[in-house]
Amino acid sequence: MKRKIAAVVTASALTIGLGAAVAAPANAGIQLWDHDNYSGDYLGDFGRGSYNVGSFANDRATSLRVTSPANYAILHEHAGYGGRQTRKFYTGTANLGWYDFNDMTTSIS
Ligand SMILES: [Ca+2]
């Protein structure tokens with residue numbers, strides 16, 4: 001009985017620890033924010049192959065982080081990878097304005 005309680009406590013501590021270490025959920029690996037320096041509204045976590053980031057995130061991304069599940073991200077102006085596109089971002093950028101791509105992202109490959 002004692003051992004079972006210890007296991008539950010350990011699992012809870014792990015969950016809390018992970019939640020504190022990761023500022024935003026990291027599943028697909030490409031995280032977008034409305035403002036520079038990863039601030040403002042968090043727009044979501046996307047994967048490469050996002051045909052359309054959806055109405056909430058559309059034309060709003062100003063900074064992004066790329067983590068290992070995605071490896072890199074190319075941002076596109078229109079749905080279905082159309083229009084202008086960025087270089088490959090391997091770690092992201094604090095300001096898409098530096099790449100003349102502020103508030104333009106609609107799909108990600
Ligand atoms: Ca923005």
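**Two antiparallel sheets and a nonpolar core**

Strands β1 and β2 are paired through 5 bridges and run antiparallel to each other. In this predicted model, the two strands make a hairpin with 3 residues between them. Within the turn, Asn-37 takes a positive phi of about 55°. His-35 of β1 has Ser-39 in β2 as its bridge partner.

The hairpin belongs to a wider arrangement. The protein chain holds 1 helix and 7 strands, and from the N terminus the elements follow the order α-β-β-β-β-β-β-β. Confidence in the model is not uniform along the chain. The average pLDDT is 85, and 76% of the residues score at least 70. Over residues 7–22, however, the pLDDT is below 50, and this stretch has 0 contacts in the model beyond near neighbours in sequence. The placement of residues 7–22 should be read with that score below 50 in mind.

Strand β1 also pairs with β3, to which 4 bridges join it in the antiparallel sense. Two of the pairs across these strands can be named. Trp-33 has Ser-63 in β3 as its bridge partner, and Ile-30 stands opposite Val-66 in β3. With β2 and β3 as partners of β1, the strands fall into an open sheet of 4 strands in the order β2-β1-β3-β6, with antiparallel pairing. At the edges of this sheet stand β2 and β6, each of which has a single partner strand, so one side of each is left without a neighbour in the sheet.

A second open sheet has 3 strands, in the order β5-β4-β7, and its pairing is likewise antiparallel. Here the edge strands are β5 (82–85) and β7 (107–108), each of which pairs on one side only. Strand β4, residues 75–78, is joined to β5 by 2 bridges, and these two strands run antiparallel. Across this pair, His-76 stands opposite Gln-85 in β5.

The sheets may next be considered together with the interior of the chain. Of the 109 residues, 28% count as buried. The largest nonpolar core has 19 residues, and those with the most contacts inside it are Ile-30, Leu-32, Ala-61, Leu-64, Val-66, Ala-73 and Ile-108. The elements that give two or more residues to this core are β1 (30–35), β2 (39–46) and β3 (63–66). Of these, β1 gives the most, with 3 residues.

Ile-30 offers a useful point from which to view this core. Ile-30 is found in strand β1. Why does Ile-30 count as buried? The reason is that Ile-30 has 28 C-beta neighbours inside 10 Å, whereas a residue is classed as buried from 20 such neighbours upward. Residues up to four places away in sequence aside, Ile-30 touches Asp-45, Phe-46, Gly-47, Arg-48, Leu-64, Val-66, Ala-70, Ala-73 and Ile-108.

One of these contacts links distant parts of the sequence: Ile-30 and Ala-73 are 43 residues apart in sequence, yet 7.1 Å apart in space from C-alpha to C-alpha. Seen from the other side, Ala-73 is in contact with Ile-30, Arg-48, Leu-64, Val-66, Phe-89 and Ile-108, its neighbours within four places in sequence being left aside. Arg-48, Leu-64, Val-66 and Ile-108 thus appear among the contacts of Ile-30 and also among those of Ala-73. For the chain as a whole, residues 24 or more positions apart account for 62% of the contacts with a separation of 6 or more.

The loops supply a contrast to the buried Ile-30. Asp-59 lies in the loop between β2 and β3. Although Asp-59 is not a glycine, its phi is positive, at about 55°. Is Asp-59 buried or exposed? Asp-59 is exposed, because 12 other C-beta atoms lie within 10 Å, and a count of 12 or fewer is classed as exposed.

Asp-103 can be described in a similar way. Its place is in the loop between β6 (92–93) and β7. Asp-103 has a positive phi of about 55° and is not a glycine. Asp-103 is exposed, with 12 other C-beta atoms within 10 Å. The loop that holds Asp-103 runs from β6 to β7; β6 is an edge strand of the sheet of 4 strands, and β7 is an edge strand of the sheet of 3 strands.

Conventions: Residues numbered from 1 in each chain as written. Predicted model: local features only at pLDDT ≥ 70, side-chain atom pairs only at ≥ 80, totals over all residues. Contact = placed C-beta atoms within 7 Å. Core = buried A, V, L, I, M, F, W, Y, C linked by C-beta atoms within 7 Å. Pairing = 2+ DSSP bridges. pLDDT = per-residue confidence, 0-100.
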